[in-house]
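Subject: Structure handover

Hello,

Here is the structure for your set. Please load it before reading on; my notes follow below.

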Amino acid sequence: TGSTLTMPVVRSNLVIAVQHNANIAGNITVDKLGYAQTNGPGAGGSLSVKGGGGGYGGAGGYASSGAAGGITNGSATQPTDFGSGGGNGFASITGGSEGGGAVRLSVGGTLNLNGNLTANGDYGWQDDSGGGAGGSVWVTANTVTGSGILAAMGGNGDLWNGGGGGGGRIAIYSPTNLFAGITNVIGGLGWVSGQPGSVFLASVLPNFLVLTQSPTGAVNNTVSSVNLSLSEAVDPASLSSSAFTFTTPAGVMNSTNLSVTTINSATIQVSFPLQNLVGNYSLQVAPILTNILGTPLSQSFTGSFSIALPTISGTVSDTNGAPVAGVTVQPDGGLIGTTTDANGNYAIGVSPGWNGGITPAFGSFMFIPGTLTYTNVTAAITNQNYLMVTTVAPNITASSAGTNLSLNWTGMNGVTYQTLVSTNLTDWASYGSAITGTNGPMQILLPLDGSPSVFFKLGATH
């Protein structure tokens, strides 16, 4: 009792969701928190330093100079807009003439209103200026009782030459409306008073719908969540991953990989592992989701988006040149990998500017190269191919070649070979420089002389 709940800034909807019952004995107000003087879709006009009233649910009144009042606008059944400001008057602007703000109150049980719920416009402070239009009050509750005040009144024009602001809009949805108080959307006084606004009453609760999804359409970034804007405050108890079916280019994701949280009373976020596969995605919402009034979604919702990213693509083949299907190709950085198709092909989407490596894997097989690395990927990269082999270890043969010992093997492209030398089979050091492999015979000549015995081995890296 005696307290006031309001918004700290103008033109910011005050949205309140109460899961059970609400008893208001004080004030919930968004008075004067709509469009400023001369602003808004129903702004009052100015002529000969006299201003017409702002318009919203009702038209603004004319000023004595003939300056027009603002026009009606917005929705009578779903009022969420702000009242427009009145027109300028004489001398410098000193404030006033602001339209009313917008408040939406959803109550899952009974709303008992014995206080004030208001979105009134301001009067014209400036000489001969127009009054601001009333704003929006939207109430949804299973039961409404009380004898308080519901108001979205227009503000007075500066008397007597400014026009009065038009009334705002009030909508009440309740199967049991026992409210015995005052509901007021009159226009403000002025040279010509503002027109009354609108009051909409319904005994049937509105359908519960998914209004918007984000992202939607084609996006050029990885995605790890989808936001859904709902027409009413959601019941937190109905939020379950089982209500959602998320389909990716790789198939339907297990619901255990989904998590659902609320961003605000009527916006939820469905999160999942980071998605980077190029293609189409869809999110289906089942009607087991309900709002705080106990109303389920009126119908299933399916939203979609697609991911279009720079792709890295190539082919995996074996030593006979045949394509290899089912090879896992995994990028760094938490991105989702893929597998090669029947033709050995793969394609992976990465975020613009991505840095990292891509590594193939298939059982105990090895690949040449083992990993391909990338820096600042901004466009598609093709022909990023891998060769699958059982091993990269060279099969060495040795033969005498005059005063040298010849080590011979068949090399592989993408493999680097390094000769190592040791006198004790424990401590090894590089012997000569590393050699880049070729697909063909390779050879290293080692001197045969009177030096103490040494051991050689050939290392291979890919």
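Met-366 is a good place to start: it is partly exposed, because its relative accessible area is 26%. (Buried means under 20% relative accessible area, exposed over 50%, partly exposed in between, with a 1.4 Å probe and protein chains only.) This is a predicted model: local features need pLDDT of at least 70, side-chain atom pairs count only at pLDDT 80 or more, and totals for chains, interfaces and linings use all residues. Residues are numbered from 1 along each chain as its sequence is written, and side-chain values use heavy atoms, with hydrogens and water left out.

**Met-366 and its sheet**

Met-366 sits in strand β29. (Strands are DSSP runs of E, at least two residues, and helices are runs of H or I, at least four residues; both are numbered from the N terminus.) Leaving aside neighbours within four places in sequence, Met-366 is in contact with Leu-387, Met-388, Val-389, Thr-390, Thr-391, Val-392 and His-462. (Contact means heavy atoms within 4.5 Å.) Ile-336 is 30 residues away along the chain, and its C-alpha atom is 21 Å from that of Met-366.

β29 belongs to an open sheet of 4 strands, ordered β27-β24-β31-β29, with mixed pairing. (Two strands pair if DSSP finds at least two bridges between them.) The edges are β27 (345-349) and β29 (366-368), each pairing on one side only. From one strand to the next, the twist averages 30°. (Axes are lines fitted to C-alpha atoms, for helices over the stretch in contact; angles run from 0 to 180 degrees between N-to-C directions.) Within this sheet, β24 (residues 311-318) pairs with β27 in the antiparallel sense over 5 bridges. Thr-311 has Gly-349 in β27 as its bridge partner.

**The antiparallel sheet**

Another open sheet has 4 strands in the order β15-β17-β21-β20, and its pairing is antiparallel. β15 (210-214) and β20 (259-264) are the edge strands, each pairing on one side only. The twist averages 25° from one strand to the next. β20 and β21 (residues 267-275) run antiparallel over 5 bridges. One bridge joins Ser-259 to Ser-271 in β21.

**β37 and β33**

Which side chains of β37 (residues 441-447) point to the buried face? They are Met-442, Ile-444 and Leu-446. Pro-441, Gln-443, Leu-445 and Pro-447 point to the other face and are not buried. β33 (residues 404-410) pairs with β37 in the antiparallel sense over 7 bridges. The partner of Leu-405 in β37 is Leu-446.

**The salt bridge**

How many salt bridges does a search of the whole structure find? The search finds 1. (A salt bridge is a side-chain nitrogen of Lys or Arg within 4 Å of a carboxyl oxygen of Asp or Glu.) Arg-104 and Glu-232 form the pair, at 3.3 Å from N to O. The two residues are 128 apart and link distant parts of the chain. Arg-104 is in β7 (residues 102-113), while Glu-232 is in the loop between β17 (223-230) and β18. Arg-104 counts as buried because its relative accessibility is 17%. Glu-232 counts as buried too, at 5%.

**Other sites**

- Thr-248 lies in β18 (residues 244-248). Its relative accessibility is 8%, so Thr-248 counts as buried. Beyond four places in sequence, Thr-248 touches Met-253, Gln-275, Asn-280 and Tyr-281.
- Val-421 is in β34 (residues 416-422). Its C-alpha atom is 9.6 Å from that of Gly-432, 11 residues apart along the chain. Not counting residues up to four places away, the contacts of Val-421 include Trp-428, Tyr-431 and Phe-455.
- Asn-27 is in β4 (residues 27-29). Asn-27 is partly exposed, since its relative accessible area is 25%. Leaving aside neighbours within four places, Asn-27 contacts Ser-3, Thr-4, Leu-5 and Asn-116.

**Surface patch**

Tyr-62, Leu-159, Trp-160, Leu-189, Trp-191 and Val-192 make a nonpolar surface patch of about 630 Å². (Patches are made of residues with over 30% relative accessible area and no salt bridge; like charges are joined within 9 Å, nonpolar side chains (Val, Leu, Ile, Met, Phe, Trp, Tyr) within 5 Å. Accessible areas come from the Shrake-Rupley method with a 1.4 Å probe; for residues, only the protein chains shown count as cover.) Leu-189 lies in the loop between β13 (182-184) and β14 (198-202). At 44% relative accessibility, Leu-189 counts as partly exposed.

Best regards
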